[in-house]
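Hi,

Here is the structure I said I would pass on. Have a look at it first, and then read my notes underneath.

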Amino acid sequence: MSRFNAAITGIAAYVPEATLTNADLEKMVDTNDEWITSRTGIKKRHILKEKGKATSDMAAEAVKELLRKTNTHADEVELVICATVTPDMSFPDTANTISYKVGMKNAYGFDLSAACSGFLFALTTGAKFIESGTHKKVIVIGADMMSSIVDYTDRTTCVIFGDAAGAVLLEPDTDGHGVIDSVLKADGVGGKYLNRKGGGSKNPISQYVIDNKMQYLYQDGRPVFKAAVNGMTTAVKEVMDRNDLSPEDINWVVPHQANMRIINAVADFMDFPRERVMKNIEKYGNTTAATLPLCLRDYEDQLKKGDNLILTAFGGGFTWGATLLKWGY
Ligand code: UT7
């Protein structure tokens, strides 16, 4: 057992000002508010519209707010991990760009790519640096500018995604608060259902890629839906079983916000009362790696020191998992 847990000691998030409502989408593609609301639970999304702005700009705003809230000086931060599938560029990494924009001169960092499970994977990774005793202040970010890879003529995907960034500060805790346990999984069999084929080394940007819209995100929703419910439920069950916990022991479930029907199905399968399941998909849509920190930020006032939280996510890869966390403040 490690002497330290990695506790979340602060949380902040940033959403761009501009919104894209269901009514706006009705003018862009063959869809309607009734379909979007009943099938996904989404009413609006926030979109980063300012020219030249990118994922790192949203994340830098979230991190500045995090440093302010936690009274942390930028020079104290040692490591920054940014979970994203929409990096500013393929390199340099977005974490490094964020550190530069915020002025965190003593921090090294790296990006982590696990799609909608990115924040969960990054949180567990960041926690290991604290638990080892080598790091005292680690920032974990989930940030995605999904509007940069969404095809706004494809009604099956453009109604779902939005832009946002969230960030947490991890610090050592010796009283049992923080990340307790994680179940993280991946299965490449899901790669064909949810991906972005263009722009990487397999299909570098070319006229062919553009003509075939391979620069955009692709999703075959139905198989992803089924796998998401199954993956999240199984991971939550596994982490609860091995920590000897029943639903009454859990104060909050924090699920990835991909679809209200998925969120409710996971809650019902696990016998969690729906009022103890965090939800904000209605306001932001699916912001990929940002959904979990954005949820924690929105519910921060309702959290109490010592609360047991289960975070769970599912995304492209497939990747999925669940993390048990004892809230630290
Ligand atoms: O975050 C990463 C992981 N991602 C997920 O977890 C997403 C999982 N999948 C989903 O959330 C759902 O599958 C979607 C929201 C993407 C789609 O909902 P669905 O209930 O699975 O719809 P569907 O794909 O089965 O389509 C049903 C019908 C189709 O028409 P037909 O073939 O029945 O005539 C679609 O063409 O709905 C049609 N449709 C739409 N109609 C109006 C698809 N998109 C739209 C739309 N507006 N935006």
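Below is what turned up, starting with one helix and moving on to charges and contacts.

One thing to keep in mind is that this is a predicted model.

Let's begin with helix α8, which covers residues 221–242. Its 22 residues reach 31 Å from first C-alpha to last, close to the 32 Å expected at 1.5 Å a residue. Several of its residues are buried, among them Val224, Ala228, Met232, Val236 and Val239. Arg222 is also in α8, but with a relative accessibility of 71% it counts as exposed. On the surface, Arg222 joins Arg39, Lys226 and Arg261 in a positive patch.

Asp244 comes just after α8 and has a positive phi of about 55°. You'll find Asp244 in the loop between α8 and β11 (252–255). It is exposed, at 71% relative accessible area, and belongs to a negative surface patch together with Glu248, Asp249 and Asp271.

Now the salt bridges. How many does a search of the whole structure find? The count is 17, and three of them make a nice tour.

- Asp30 and Arg155 pair up with their closest N and O atoms 3.7 Å apart. Asp30 sits in the loop between α1 (22–26) and α2 (33–40) and Arg155 in helix α6 (residues 155–158), so this bridge ties together parts that are 125 residues apart in sequence. Asp30 is exposed at 64%, while Arg155 is partly exposed at 45%.
- Arg68 and Glu65 meet at 2.9 Å, N to O. They are 3 residues apart in helix α3 (residues 55–69), which puts about one helical turn between them. Arg68 is exposed, at 55% relative accessibility, and Glu65 is partly exposed, at 29%.
- Back in α8, Asp241 bridges to Lys237, with the closest N and O atoms 3.0 Å apart. These two are 4 residues apart in the helix, again about one turn. Asp241 is partly exposed at 49%, and so is Lys237 at 43%. There is also a network in which salt bridges with shared partners join Asp181, Lys185, Glu238 and Arg242.

The spacing in the last two pairs fits a general rule: an α-helix has 3.6 residues a turn, so residues three or four places apart point the same way.

Last, a look at strand β7 (residues 163–173), where Asp163 lies. Is Asp163 buried or exposed? Its relative accessible area is 1%, which is under the 20% cut-off, so Asp163 counts as buried. Its C-alpha is 7.8 Å from that of Ala143, which is 20 residues away along the chain.

Cheers

Terms used: Residues are numbered from 1 along each chain as its sequence is written. This is a predicted model: local features need pLDDT of at least 70, side-chain atom pairs count only at pLDDT 80 or more; totals for chains, interfaces and linings use all residues. Side-chain values use heavy atoms; hydrogens and water are left out. The expected span of a helix is 1.5 Å times one less than its number of residues. Buried means under 20% relative accessible area, exposed over 50%, partly exposed in between (1.4 Å probe, protein chains only). Patches are made of residues with over 30% relative accessible area and no salt bridge: like charges are joined within 9 Å, nonpolar side chains (Val, Leu, Ile, Met, Phe, Trp, Tyr) within 5 Å. Accessible areas come from the Shrake-Rupley method with a 1.4 Å probe; for residues, only the protein chains shown count as cover. A salt bridge is a side-chain nitrogen of Lys or Arg within 4 Å of a carboxyl oxygen of Asp or Glu. Lys and Arg count as positive and Asp and Glu as negative; His and the chain ends are not counted. The place of a charge is taken as NZ of Lys, CZ of Arg, CG of Asp or CD of Glu.
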